[in-house]
Every structure is written in structure tokens, then in C-alpha cells.
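Please open the structure in your viewer and keep the selection panel at hand. The tour below tells you what to select at each stop and what you will find there.

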Amino acid sequence: RVGSSGSSNNTRDRFLGGLLAAGFDEGSCLSRYQSVLYRKKSPHIPSPHLLERLRGHESLQKKCGPNTESYNNAIKWLKSGRRTEIMECNYVVWLSYSGLGNRMLSLASAFLYALLTNRLLLIDRGADMADLFCEPFPETSWLLPLDFPINQFSSFNKKAPQSYGNMLKRKAISDIPDGNANGSLPAYVYLHLGHDYGDFDKLFFCEDDQQVFRKIPWLLLRSNVYFVPSLFLIPTYEEELGRLFPQRETVFHHLGRYLFHPTNSVWGLITRSYWSYLAKAEERTGIQVRVFDVRNSPVQHVLDQILACSLKEKLLPDVSLHDPLVSSTVAGSKVVFVTSLDSVYFEKIRSMYWEHPTTTGEIVSVYQPSHEGYQQTEKQMHEMKAWAEMYLLSLTDALVTSAWSTFGYVAQGLGGLKPWILFRPENGTMPRPPCRRALSMEPCFHTPPYYDCKAKAVIDTGVVIPHVRHCEDVSWGLKLV
Ligand code: GDP
């Protein structure tokens with residue numbers, strides 16, 4: 001929230017409770033230090049242990065990053081196809097894939113995994129990552145150099161022979177010494193952790209398999225899901241995760257604010273929208289509309305659901321259909337910030353508040369920055385707008401999101417908001433109740449494994465530890481609470 005432009009810049013906690021490192025050139029990424037002027041102070045303080053680990057990780061990124069001697073050495077081994085017993089620096093390479101919300105969730109998961117395992121995080125820049133996000137680590141780059149020796153990333157999918165799951169299947173990987181001391185461990189493996197991963201890929205979440213990875217310097221990881229909750233179920237990491245995040249539901253809130261800083265171009269989109277449409281209102285309600293199943297979601301049903309939810313939960317004031325003018329004084333102002341690929345919901349809500357007075361006397365303005373029509377992953381301006389809109393949603397006071405949408409998860413996590421979730425319609429009818437408050441601000445892991453590694457049996461992983469539960473919107477998913 002901004003009182004007046006930049007006035008209290010110095011008194012605010014620009015480093016977000018120590019989450020952000022000093023040492024960046026401010027002009028190169030204005031959002032990093034200006035976000036504090038736009039977002040309410042978070043009541044969630046990062047743990048001293050998390051701060052210590054982040055600073056340590058920053059040193060590691062610098063020491064082993066692109067163009068360092070250690071990096072060049074690690075590349076030499078990668079090219080040779082062999083591994084040495086002790087590598088000074090080990091790496092997780094995150095491969096770009098899927099819609100922007102999905103990408104941000106999987107990238108945050110990959111970062112947490114890198115932090116837990118003392119590996120560097122490098123990212124495949126894909127078509128647009130460098131246009132969207134500033135560098136998160138000081139004095140180095142997280143962008144995978146373009147001359148990285150492995151580059152046919154598009155062939156890295158479920159079927160890729162280099163994937164850990166497929167290597168296990170063909171028994172092509174083993175850390176049991178075979179005479180030349182190294183077993184048959186390669187210099188790198190590909191970890192396929194996308195939503196369509198198979199049972200062998202899912203063994204990633206088992207303790208024994210984690211031991212194997214410890215001996216492999218390069219892990220190339222491709223995912224489009226928030227796999228953090230299942231990391232909490234791996235015994236080796238459980239204690240450390242508890243120290244890093246004594247408040248389990250703040251993982252994405254902290255890591256997202258640490259990692260994801262809009263570039264100056266995206267920051268321009270955000271701040272111009274903010275000052276034009278959001279700054280003046282006393283209260284802001286965000287409504288994120290994502291329709292996955294168009295056939296079962298007629299516009300009127302979705303609109304009825306949004307309004308039923310917002311009125312019932314008192315997120316929006318009701319209108320009077322009979323009195324032409326309910327109150328002659330203005331009793332407060334509210335802005336409804338809508339995001340959707342379609343403009344129809346925005347238009348209908350705006351008309352409603354223009355055609356009728358509110359029963360409370362509040363003035364309601366309605367704003368939607370874009371209506372892009374359809375998903376256009378990797379198109380630069382399209383993704384910049386998507387990122388700006390997720391960020392703007394995170395600046396609201398109350399948030400209504402669509403079930404299943406990672407776009408909404410990012411907004412709620414960054415904003416530290418527990419949203420009201422609009423459930424998906426079933427059989428073309430409006431769900432009742434129309435929405436429910438989320439248990440926590442954490443994203444949902446849509447496709448978790450259901451496997452007990454020790455017992456080698458299928459189990460319900462949503463009932464094993466108190467902090468990992470099933471999601472409100474995806475009953476088989478897992479989330480931290
Ligand atoms: P999810 O599919 O809802 O889980 O979210 P993703 O962000 O992973 O993928 C949806 C993609 O569609 C986004 O990255 C955008 O490119 C686009 N998109 C969906 N909803 C919106 C919206 O409200 N505004 C904008 N600008 N783009 C959207």
C-alpha cells in the first residue's frame with residue numbers, strides 16, 4: 001500500500017525482514033526495492049535460519065556460477081560424460097516449460113531443492129525468462145549459459161532415455177560399485193517431474209534415490225508443478241525444512257518474494273496500472289477468473305458464482321435494484337481488480353455497479369488490465385502482462401481465485417493472502433457453497449506421489465504429517481498448512 005509516492009522509502013523495510021540481499025544495482029531492477037511501497041508489510045517474518053541459508057546460497061551461486069573456474073571444471077566433467085568422486089560444485093538446472101504460473105511454482109520448488117542439497121540453481125531462459133525476472137542472486141547470473149553442452153531440451157520429456165525414471169526402468173543406473181568404483185552413475189541425469197510423470201520418476205521423492213543424486217553433479221529438472229509439499233515427506237529433509245520454515249505455510253510466500261522480481265519493463269506495467277486504478281481506492285478486492293472447462297462453465301454461471309461468493313463473504317457490497325440513489329454521501333471507495341483472458345466478467349460487474357447504487361453507499365470501480373483471449377505461452381508481451389497481473393493481484397486486500405489455477409496460487413502466495421476459492425462447476429451447475437476460504441496461502445501440488453518408499457506400498461500421503469494436507473480445490477493434491 002502506498003501512502004504517497006516514495007515518501008516513506010527510507011523508513012520501510014526495503015529488504016523484507018532480511019529476505020533480500022543488499023549489493024544490487026538498484027536501477028537495474030527497480031521492483032526489488034520498491035515493492036515495499038506497494039505491498040502491505042508481511043506479518044510473516046523469515047526465520048534467522050532461512051536468512052543464513054540464503055546468504056550462504058548466494059555465496060555458492062557466486063563461487064560456482066557461470067564463468068567461474070569451478071563452473072568450467074564442472075562443465076568439463078559433464079562433457080566427458082563421467083563423474084568424479086568429489087565435485088566442488090553441484091548443480092540443478094531448471095528447464096522452462098508450461099504456463100507462467102506453473103513455471104514460477106516449479107522454479108520455486110527447484111530452488112528449495114537446490115537450497116536443501118547445496119546445489120547451484122541455473123535456469124534455462126526459454127523464450128522469455130530474462131524479460132520477466134531480474135537476477136535473484138547478487139554478482140552472478142542464474143541464466144544457464146547459451147553454450148551449455150546439453151541443449152536439446154525439447155526432447156526432455158517423459159520418454160527421454162536420459163530421465164532417471166527411464167534409466168531405472170532399464171536398470172541403467174546404479175550406485176553399487178561395479179569394479180571401477182563409481183557404479184554406473186552418469187555425470188548428469190534428467191529428472192522428469194512434470195504432471196505426467198511415471199511411477200519410476202516419482203521415486204525422486206524417496207530417500208534412497210536422493211542418496212544416489214548426491215553423487216551426480218548435474219541434475220536437469222523439468223517440472224510444471226509445485227512439488228514442495230512432497231519434499232517435506234522425505235525424512236532427510238524434514239528437519240531442515242522445519243528449521244527453515246517454522247511456519248510451514250510461508251514457503252512460497254518467502255521464496256517467491258525472494259526469487260521473483262519483475263524486470264523494469266514489467267514493473268512499468270505494474271506501477272502504471274497501480275497508480276491509475278488501484279492507488280486511490282480505500283479497499284481492493286482481486287478477482288481472478290480462469291475458466292478451464294468452457295463447455296461446462298457458461299458465462300452466466302461463472303458470473304453468478306463470482307457474485308454469490310463475493311456478496312456472501314462480504315468482499316463486495318450488494319446493489320439496490322429498486323432505489324435509484326440509496327445514499328447521497330459517498331461511504332468509502334472500493335476497487336475490484338479483475339484478471340481474466342476474457343473481458344465479459346469485468347464488463348458485467350462494472351455495469352452492475354454503474355447501473356445500480358450500492359446498499360452501503362460505497363463507490364465501486366472495476367478494472368481489468370488486459371483480456372488476451374487465449375493462453376499464448378512464451379509470447380513476450382503476453383507473458384509480461386500475465387506476470388504484471390499476478391503481481392497486481394498480490395497487492396489486493398482480499399482475493400477470490402479460481403480453483404486449480406497456478407496463476408492464482410502465485411498471486412496469493414506473494415501477497416500472503418488466503419483466498420476464497422471458486423470451485424469448479426460440476427455438471428454445468430454452480431457449486432454450493434460457491435467458494436471456500438483456503439486453509440493456507442500455499443500453492444497446491446496437483447500431482448503428488450502416493451507412495452511409501454520404505455513400505456513400498458501405495459499410501460495416502462495427505463495424512464502422514466500434520467503440515468501436509470489435501471488441497472481445498474484438488475482433493476488428491478497436497479499443500480502445506
Ligand atoms: P493456470 O493455467 O491457470 O494454472 O496458470 P498459468 O499461468 O500456468 O498458465 C496460464 C497462462 O494463460 C498464463 O501464464 C497467461 O499466459 C495466460 N493467462 C491466464 N489467465 C490470464 C489472465 O487473467 N491474464 C493474463 N494476462 N494472462 C492470463
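The stops that follow go from the domains to the ligand, then to the packed helices, and end at a sheet.

**The two domains**

Before selecting anything, keep in mind that this is a predicted model. Begin by colouring residues 48–247, which form domain 1, and then, in another colour, residues 264–480, which form domain 2. If you place a marker at the C-alpha centre of domain 1 and another at that of domain 2, the two markers will lie 32 Å apart.

Next, look at where the domains touch: 25 residues of domain 1 are in contact with 33 residues of domain 2. On the side of domain 1 that touches domain 2, the elements that give two or more residues are H4, helix H5 (129–132), helix H7 (207–213) and helix H8 (228–231). Which element supplies the largest share of this side of domain 1? The largest share comes from H4, which gives five residues. Sorted by class, this side of domain 1 has 14 nonpolar, six polar and five charged residues.

**The ligand and its shell**

Now select the ligand together with the shell of 21 residues that surround it, and label Gly99, Leu100, Gly101, Ser405 and Thr406, which are the closest. Where does the ligand's shell lie with respect to the domains? Domain 1 and domain 2 both give residues to the shell, so it lies between them.

Three helices should be highlighted here, since helix H4 (100–116), helix H14 (380–393) and helix H15 (406–415) each supply at least two residues of the shell. H14 gives the largest share, five residues. If you colour the shell by class, you will find four nonpolar residues, 12 polar ones and five charged ones.

**Helix H10 and its neighbours**

For the next stop, keep H4 in view and add helix H10 (residues 251–259); the axes of H4 and H10 come within 10 Å and cross at roughly 95 degrees. That angle makes H4 roughly perpendicular to H10. To see the contact itself, show the side chains of Ala108, Phe111 and Leu112 in H4, and those of Val251, Phe252, Leu255, Gly256 and Leu259 in H10. The residues of this contact of H4 with H10 divide into seven nonpolar, one polar and no charged.

Then hide H4 and show H15 beside H10, where the two helices pack at an angle of about 90 degrees with their axes 7 Å apart. H10 and H15 are therefore roughly perpendicular to each other. In this contact, Phe252, His253, Gly256 and Arg257 of H10 meet Val410, Gly413 and Leu414 of H15. By class, the contact of H10 with H15 has three nonpolar, three polar and one charged residues.

**The sheet**

For the last stop, switch to a cartoon view and find the open sheet, in which four strands follow the order E2-E1-E4-E3 with parallel pairing. At the edges you will see strand E2 (120–123) and strand E3 (188–192), each of which pairs on one side only. As you rotate the view, note that neighbouring strands of this sheet are turned by 25 degrees against each other on average, direction ignored.

Finally, select strand E1 (residues 91–95) and strand E4 (residues 218–222), which pair in the parallel sense over five bridges. Within this selection, label Val93 and look across to E4, where Leu220 stands opposite Val93.

Conventions:
Residues numbered from 1 in each chain as written. Predicted model: local features only at pLDDT ≥ 70, side-chain atom pairs only at ≥ 80, totals over all residues. Near = placed C-beta within 6 Å. Nonpolar A, V, L, I, M, F, W, Y, C, P; charged D, E, K, R; others polar. Domains from an automatic or database assignment. Axes fitted to C-alpha atoms, helices over the stretch in contact; angles between N-to-C directions. Parallel < 35°, antiparallel > 145°, perpendicular 65-115°, else oblique. Contact = placed C-beta atoms within 7 Å. Pairing = 2+ DSSP bridges.
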